[in-house]
Amino acid sequence: MSELETKLRFMDALMDTSPDKANYLGIQSVLKLLGFGDCPGEDAVATALEDVASGFTQNQNLVCHWLWAQRQPHILALYLQGIVTENDFQYCDGVLPDQQGALKEELIELIHEYAQTSATNTFITTRNCTTNNPHLAAVYQQRPDLAGGWGANFHGFSDAVLSHLGNGDSLELTEDPWDLFIASEEVQDVKAPTRKKGAQSPAALMSDTMDGSYALIARKDPQGVILRKALVRLVLADSMKSPALAVEEAFPWSARDQAVFVMAASELARQMDLPLFKQEKSSKENLKTLEGRAPFECFGKEYVHARSEGNITAQPVILL
């Protein structure tokens, strides 16, 4: 995407400023995130548009500069607006009517925390923190050595795995904040941030992003765009006594990439000294997940739960 197109898309995301429009509060939340929240509504929008046009060259807000350096930065603005203005959480499993408002506010705060910690280079420390994360606390209690995060415990895929890619593509294990956030958009899965109104799965996107039990195996093109992905997650096996690694199916699915991702996950599991499972609905092996950092959690591809434990069906993988 060219710089001009990026500017135009960001401007479009900020243009509808009438207080009688449903997305007005969403725009105000975006402006607050970008440091324009202290100005009156229309003045804040005008100032923000001017700063977007100049590429935030005179702006001192760290979030602005971090966000502007990302591919498709307007996606975060659209996502935050959608979370603020839509009221679809009543359709999420486990959400009672009197819980909806508090869960929405918590999710909005988490999106702001995501951007702020990304901009100040404290994202990895924040997502690996066990405060308000019973699942991660249980994993680290059994394996304290994993508390340093994915990057501290894995040192890259072998040439044997990478040789299956071709076309100049790369394969990464990433917990980069923007990779985690934008991956669903780039591959258009159910948690895509711009998914249409009425879809609940995007509410679970912040679980993948802000919870240190998740990382992403991503196949990228030479420009860094994610072509296929598979989430990997630290789970609990054997009646919650031991951590394990679970890898989802490749998305978009292809037999070739699925095989590559399982090979990659096998190398990851071996370096982290963990058993490996691959998620499959038809399998009978249950892996336990406790409550995580974000208010919504997605088990499988379509179902969203709020503040709940869950089980993942999977089958063991023999490490290569």
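A residue counts as buried when its relative accessible area is under 20%. D257 has 3%, so D257 is buried. The model behind these values is predicted.

D257 makes a good starting point. Its side chain meets that of R228 in a salt bridge, 3.3 Å from N to O. D257 belongs to helix 13 (residues 255–272) and R228 to strand 3, so the bridge ties together parts 29 residues apart in sequence. The two ends differ in exposure. R228 has a relative accessibility of 23%, so R228 counts as partly exposed, while D257 is buried.

Strand 3 (residues 226–237) also holds K229. The side chain of K229 meets D189 in a salt bridge of 2.7 Å, N to O. D189 sits in the loop between helix 11 and helix 12 (205–210), so this pair joins parts that lie 40 residues apart in sequence. K229 is buried, at 5% relative accessibility. D189 is buried too, with a relative accessible area of 12%.

A further bridge connects two strands. The side chains of E172 and K220 meet at 3.2 Å, N to O. E172 is in strand 1 (residues 170–174) and K220 is in strand 2 (residues 214–220), so parts 48 residues apart in sequence are tied together. E172 is partly exposed, with a relative accessible area of 30%. K220 counts as buried at 7%. The count of salt bridges comes to 19. Through shared partners, R71, E172, D179, E186 and K220 form one network.

D179 and E186 of that network also appear among the buried residues of helix 11. Helix 11 covers residues 177–187, and 11 of its 11 residues are buried, so the helix is largely enclosed by the rest of the structure. Its buried residues include P177, L180, I182 and V187. At the start of helix 11, a side-chain oxygen of D176 comes to within 3.0 Å of the backbone nitrogen of W178. After the helix comes Q188, with a positive phi near 55°.

Now turn to the aromatic rings. The whole structure holds 10 aromatic pairs. In one of them, F10 and W68 have ring centres 5.9 Å apart and planes at 55°, so the pair is tilted. F10 lies in helix 1 (residues 3–14) and W68 in helix 4 (residues 62–68), which puts the partners 58 residues apart. Both F10 and W68 are buried.

W66 and W178 make another pair, edge-to-face, with 5.7 Å between centres and 80° between planes. W66 is in helix 4 and W178 in helix 11, so parts 112 residues apart in sequence are tied together. W66 and W178 are both buried. Ring pairs also gather W66, Y79, Y114, F123, W178 and F181 into a cluster.

Last come the enclosed spaces. A search of the whole structure finds three cavities of 30 Å³ or more. The second largest has a volume of about 40 Å³. Its lining is made by E291, G292, A294, P295, F296, E297, H305, A306, R307 and S308. Strand 7 (296–299) and strand 8 (303–306) each give at least two of the lining residues. By class, the lining has four nonpolar, three polar and three charged residues.

Definitions and conventions. Residues numbered from 1 in each chain as written. Predicted model: local features only at pLDDT ≥ 70, side-chain atom pairs only at ≥ 80, totals over all residues. Heavy atoms only, no water. 1 Å grid on protein atoms, 1.4 Å probe; cavity = no way out; pocket = protein on both sides within 12 Å on 5 of 7 lines; lining within 4 Å. Points joined across faces, edges and corners; volume = space filled by probe spheres on them. Helix = DSSP H or I, 4+ residues; strand = E, 2+ residues; numbered from the N terminus. Nonpolar A, V, L, I, M, F, W, Y, C, P; charged D, E, K, R; others polar. Buried < 20%, exposed > 50% of the residue type's maximum accessible area, 1.4 Å probe, protein only. Polar contact = N/O pair within 3.5 Å; in protein donor to acceptor, adjacent residues only side chain to side chain. Phe/Tyr/Trp six-rings, centres within 6.5 Å; stacked < 30°, edge-to-face > 60°. Salt bridge = Lys/Arg side-chain N within 4 Å of Asp/Glu carboxyl O.
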